[in-house]
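Student: Got a minute to go through a structure with me? I have a few short questions.

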Amino acid sequence: MRVRYCGSLIVCLCASIAWSQQAPPAAAGAPAVKAVDPIAVMVGRLNLERYKATVKGLTQFGDRRQGTDRNKAAIDWIEAQLKSYGCTNTERIHYNYEPVARTGGGAGRRPGGADPSVGPGGSHRRGNIFPDSVNDDPMKQPDVKLRELNTPPSVPGPREEVYCTKIGSKHPDQMYILGAHMDGIGWGEAANDDGSGTALVMELARVFSSPDVVTDVSIRFALWNNEETGLNGAQAYVDQRKDLQGVESPAGSGKYPEPKWLGMVQHDMMMFDHGMPHKDGTMSKEQRPEADINIEYQVTSTYADAAMAMAHKFQLADDKYATDYPANVGPHMTNTDSTPFMNLTPSLSMREVERGAQMGSGWDPQHHQPTDVYSFYSDDDFRLGLNSAQTTLGAVAQLSGATLTAK
Ligand SMILES: [Zn+2]
């Protein structure tokens, strides 16, 4: 490692010498001008307090369950926030959701049948394996005010979800899609699942919408609804818009309502990595010091190789821009809104743990539970979400050719 580092140092020195030969001579005694990385400046516009405040803002609407007034109010609030950040071209997807009657007793929760080592998404579960279940009992929520807020039930019918777009200056006909789901379940505040991902995407919309940020290609910020019922909101987006990709409309306008998809990145549960449950089922109270961000692609998808390459670009962006936690890449992306995209464009999910092998074995006991409330988490938890924001911002800024203009 040390040898390789020295090598790159030499390359850097050579590059800076070559550059200084072309540059006008500096005034005698003037300090050497250090080149500023514009992407580091953009990443520096994220901070822990803002990220926490956005998660907190989302939790005022309780669990934001799809098909309720609190879900609608949350969509309105998200849209108002996006506009206030300068992402003013908000649009909504309209679709209908009718729940399908369940059959066969939750077979989807046991991908391996009797074999406990087989986890979701093709993963291999190991070690202490505990159930990952959904709470449907309102009385398990001890906070009476929150319980009442979450009481009105979901009603079948029309649904909406909101997105806004940073328009590319060179290639407005191409885009990356950054997503998270704003709906939740379990009788908590859906603070982590998925207030943490929703706040991340909103914060990135804020930074990229700054008037001094210019990108070559477009970036869309999408806050999906109905993830918890089976990815219905993201699926509706794919169904309605996949065939509109790259079409200029009206012809000759230079406008592309659906730029061609260059990649899709979902952010779903970004905060809690306290390690494997202990043998007795208890958990460490603290974020584990070696916590990591898990970047996953699906090895069986059509664009697996391209998604894997993109995942490593995100991992390298973490090396460069994330302040506290590393990132790792895995091949078993599953159970989130990137799935409907994965056979159409390179697709990733970002998470606090691996979805299949780890979350599927009970590594996040707040998952779909009344304990998923803002007050449960510490700054070390929130900081993992912030690091994921730094990672995606750094990676997508590079991929989209982001630069800063002089103010
Ligand atoms: Zn989720």
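Student: What is the geometry of the zinc ion site, going by its four donor atoms?
Tutor: This is a predicted model. In it the zinc site is irregular, with angles of 53 to 149 degrees among the four donor atoms. A tetrahedral call needs all angles between 85 and 135 degrees.

Student: Which residues coordinate the zinc ion?
Tutor: His-181 gives NE2, Asp-193 gives an OD atom, and Asp-268 is listed with OD twice, at 2.0 to 2.7 Å. Along the chain the donors follow the spacing H-x11-D-x74-D. Asp-193 sits in helix H6 and Asp-268 in the loop between E6 and strand E7, so the pair ties together parts 75 residues apart in sequence.

Student: Are Asp-193 and Asp-268 buried or exposed?
Tutor: Both are buried.

Student: Which peptide bond at Asp-193 is cis?
Tutor: The one from Asp-193 to Asp-194, with omega near 10 degrees. Asp-194 is in helix H6. The bond from Ser-249 to Pro-250 is also cis, with omega near -10 degrees, and Pro-250 belongs to the loop between helix H7 and E6.

Student: What about phi at Met-269?
Tutor: Positive, about 75 degrees, although Met-269 is not a glycine. Most residues other than glycine have a negative phi. Met-269 is in the loop between E6 and E7 and counts as buried at 1% relative accessibility.

Student: Switching to strands: in which sense do E3 and E5 pair?
Tutor: Parallel, over eight bridges. E3 also pairs with strand E6 in the parallel sense, over six bridges. Leu-178 stands opposite Phe-221 in E5, and its bridge partner in E6 is Val-265.

Terms used:
Residues are numbered from 1 along each chain as its sequence is written. This is a predicted model: local features need pLDDT of at least 70, side-chain atom pairs count only at pLDDT 80 or more; totals for chains, interfaces and linings use all residues. Side-chain values use heavy atoms; hydrogens and water are left out. Two strands pair if DSSP finds at least two bridges between them. Helices (H or I, at least four residues) and strands (E, at least two) are DSSP runs, numbered from the N terminus. Donors are N, O and S atoms within 2.8 Å of the metal (3.2 Å for Na, K and Ca); water is not among the atoms, so sites may look incomplete. Four donors count as tetrahedral if all angles lie between 85 and 135 degrees; four count as square planar and six as octahedral if opposite donors are over 155 degrees apart and all others between 65 and 115; anything else is irregular. Buried means under 20% relative accessible area, exposed over 50%, partly exposed in between (1.4 Å probe, protein chains only).
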